[in-house]
Amino acid sequence: MDKAAGDLKQALPNVCENVQIHVEIHQKSSSAAKTEDIRMSVLKLLNRHNIVFGDYKWTEFDDGFLNSNVQSVSIVDTDLKLKDRQPIDLSKSNLSLHIFHLNEEGPNSENLEEENEDIIAANHWVLPAAEFHGLWESLIYDTEVKSHLLDYVTTTLLFSDKKVDSNLISWNRVVLLHGPPGTGKTSLCKALAQKLTIRLSYRYRYGQLIEINSHSLFSKWFSESGKLVTKMFQKIQELIDDKDALVFVVIDEVESLTAARSAFKAGTEPSDAIRVVNAVLTQIDQIKRYPNVVILTTSNITEKIDMAFVDRADIKQYIGPPSTAAIFRIYLSCLEELMKCQIIYPRQQLLTLRELEMIGFVENNVSRLSLVLKEISRRSEGLSGRVLRKLPFLAHALYIQSPSVTMTTFLQALSLAVDKQFEERRKLADCV
């Protein structure tokens, strides 16, 4: 440890030690360097900078080998284990290094043939994919949903490895995320698949993500939908048979495939829908025996889902609109990006809610802009994460139109954009 780091540690009596720390190392697509060589160079980097405050990212290095072969080195997900932004001593922590390349090819379509017509039944990505890079970090929730999902998959692997008798202790490898539209359920499924592919790269060489197009599996030819579902899962089975792959099956709006059979009994659902439900349940029961598959599903209207499917979901997680605290963190990440791109200039230091709380929310030259942002966040309650991520863009487009703007002016524009969003909602509601 160098003298500066030693002095820092002495000044920080509450340095965290013996913490599980994950380090994600993005290897350049042009690099053919050996994993072990990259690993050793990164360990030297971490040894030189062994006191960090939460998540941290290096994109430039004083090491020629790292500059040539590595895009970034990131300490990630410390917030999932540590409640406060505490200093961490990397030299006395349990480091897990995850080295990965990004696949930049984009998705392929999985087609099913029916009556000489091709149906696009699913989109298929090889993970980790460039399209999902950074998605996990952009998703902000009030609950511990992200850490719970990571821990859930870790436990499914442990139970499989230890050959726990699934007749005595049951788990189905099925997750159901439910809640109103725009809360990031589908994005969370994709981000989780990406994260786990990187986190489990020591065990699986790559990930496979199949996003099923639920609506396309309902055939315009009566009674064919159940057969289409079976065909789709047969293709998935081929992916699962590759033991080097970790397979994620994403079923968005799962109520489309698993409509409640009670509706059929009431005469409001056709028998074709019942065949689809039965086919989905049968296929899930067949593939749950494999340790390298996870089924991730989403729903906006859970009351329409068949209870037999709901019972199969090991985790049923509600994803609701963000609270004021979560909105503040979302806005903070957006403003940080705009400062990095120098659309907001000069750079301003914004305090976190935790830091504002520590000074008793007293207004001064340092806290003033952060308190303004806190008030804008309070007035933004009720907006979905999808809308919140658009508002900084709309603030600029509608009220600024300048290549560069101060933080004060931008926050004024953001406040106006929030007001306009609620005004438009009221007008739409009046038209209904």
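Let's start with glutamine 342, which is partly exposed, with a relative accessible area of 48%. If you want to find it on the screen, look in the loop between H11 and H12. Keep in mind as we go that this is a predicted model. What caught my eye here is the backbone: glutamine 342 is not a glycine, yet it has a positive phi of about 60 degrees.

Stay in that loop for a moment, because the next stop, proline 346, also lies between H11 and helix H12, the latter being residues 353-358. Which kind of peptide bond joins tyrosine 345 and proline 346, cis or trans? It's cis, with omega at about 0 degrees.

There is another cis bond to show you, running from leucine 127 to proline 128, with omega near 0 degrees. Proline 128 sits in the loop between strand S8 (117-127) and helix H4 (135-138).

And glutamine 342 has a counterpart elsewhere. Glutamine 401 is a residue other than glycine with a positive phi, near 55 degrees. You'll find glutamine 401 in the loop between H14 and H15. Is glutamine 401 buried or exposed? At 54% relative accessibility, glutamine 401 counts as exposed, since the cut-off for that is over 50%.

Now on to the helices, and H11 in particular. Two packed helices are described by the angle between their axes and the distance between the axes. So let's take H11 with two partners in turn.

The first partner I'd like to show is H15. H11 covers residues 324-340 and H15 covers residues 407-431; they pack at about 135 degrees, with the axes 13 Å apart. That angle makes H11 oblique to H15. The crossing of H11 past H15 is right-handed. Who is doing the touching? On the H11 side we have Tyr331, Leu335, Leu338 and Met339, and on the H15 side Met407, Phe410, Leu411, Leu414 and Val418. By class, the residues in this contact of H11 with H15 come out as nine nonpolar, no polar and no charged.

The other partner is H13, residues 368-379. The axes of H11 and H13 come within 9 Å and cross at roughly 125 degrees. H11 and H13 are therefore oblique to each other, and H11 passes H13 in a right-handed crossing. Here H11 contributes Thr324, Ile327, Phe328, Tyr331, Leu332 and Leu335, while H13 brings Ser370, Leu373, Lys374, Ile376, Ser377 and Arg378. How do the residues of the contact of H11 with H13 divide by class? We get seven nonpolar, three polar and two charged.

While we're in this neighbourhood, have a look at proline 392. Proline 392 belongs to helix H14, residues 385-399. Proline 392 is buried, with a relative accessible area of 7%. Leaving out residues up to four places away in sequence, proline 392 touches Cys334, Leu338, Phe410 and Leu414. You've already met some of those names: Leu338 of H11, and Phe410 and Leu414 of H15, are among the residues in the contact of those two helices.

Let's move to the aromatic rings. A pair of aromatic rings is described by the distance of the centres and the angle of the planes. How many aromatic pairs does a search of the whole structure find? Three, and I'll show you two of them. In one, the rings of tyrosine 56 and tryptophan 58 have centres 4.7 Å apart and planes at 65 degrees, so the pair is edge-to-face. Tyrosine 56 is partly exposed, with a relative accessible area of 42%, whereas tryptophan 58 is buried, at 8%. In the other, tryptophan 125 and phenylalanine 132 have ring centres 5.2 Å apart and planes at 55 degrees, so that pair is tilted. Both tryptophan 125 and phenylalanine 132 are buried.

Tryptophan 125 leads us nicely to glutamine 208, in strand S10, residues 206-212. Glutamine 208 is buried, with a relative accessible area of 8%. Again setting aside residues up to four places away in sequence, glutamine 208 touches His124, Trp125, Val126, Leu239, Ala245, Leu246, Val247 and Phe248.

Last one, and then coffee: lysine 44, in helix H2, residues 35-48. Lysine 44 is exposed, with a relative accessible area of 53%. Thanks, everyone, I'm happy to go back to any of these on the screen.

Key
Residues are numbered from 1 along each chain as its sequence is written. This is a predicted model: local features need pLDDT of at least 70, side-chain atom pairs count only at pLDDT 80 or more; totals for chains, interfaces and linings use all residues. Side-chain values use heavy atoms; hydrogens and water are left out. Axes are lines fitted to C-alpha atoms, for helices over the stretch in contact, and angles run from 0 to 180 degrees between N-to-C directions. Helices (H or I, at least four residues) and strands (E, at least two) are DSSP runs, numbered from the N terminus. Angles under 35 degrees count as roughly parallel, over 145 as roughly antiparallel, 65 to 115 as roughly perpendicular and the rest as oblique. A crossing is left-handed if the near helix is turned anticlockwise from the far one by less than a right angle, and right-handed if clockwise. Contact means heavy atoms within 4.5 Å. Ala, Val, Leu, Ile, Met, Phe, Trp, Tyr, Cys and Pro count as nonpolar, Asp, Glu, Lys and Arg as charged, and the others, Gly among them, as polar. Rings of Phe, Tyr and Trp (its six-membered ring) pair if their centres lie within 6.5 Å; planes under 30 degrees apart count as stacked, over 60 as edge-to-face and the rest as tilted. Buried means under 20% relative accessible area, exposed over 50%, partly exposed in between (1.4 Å probe, protein chains only).
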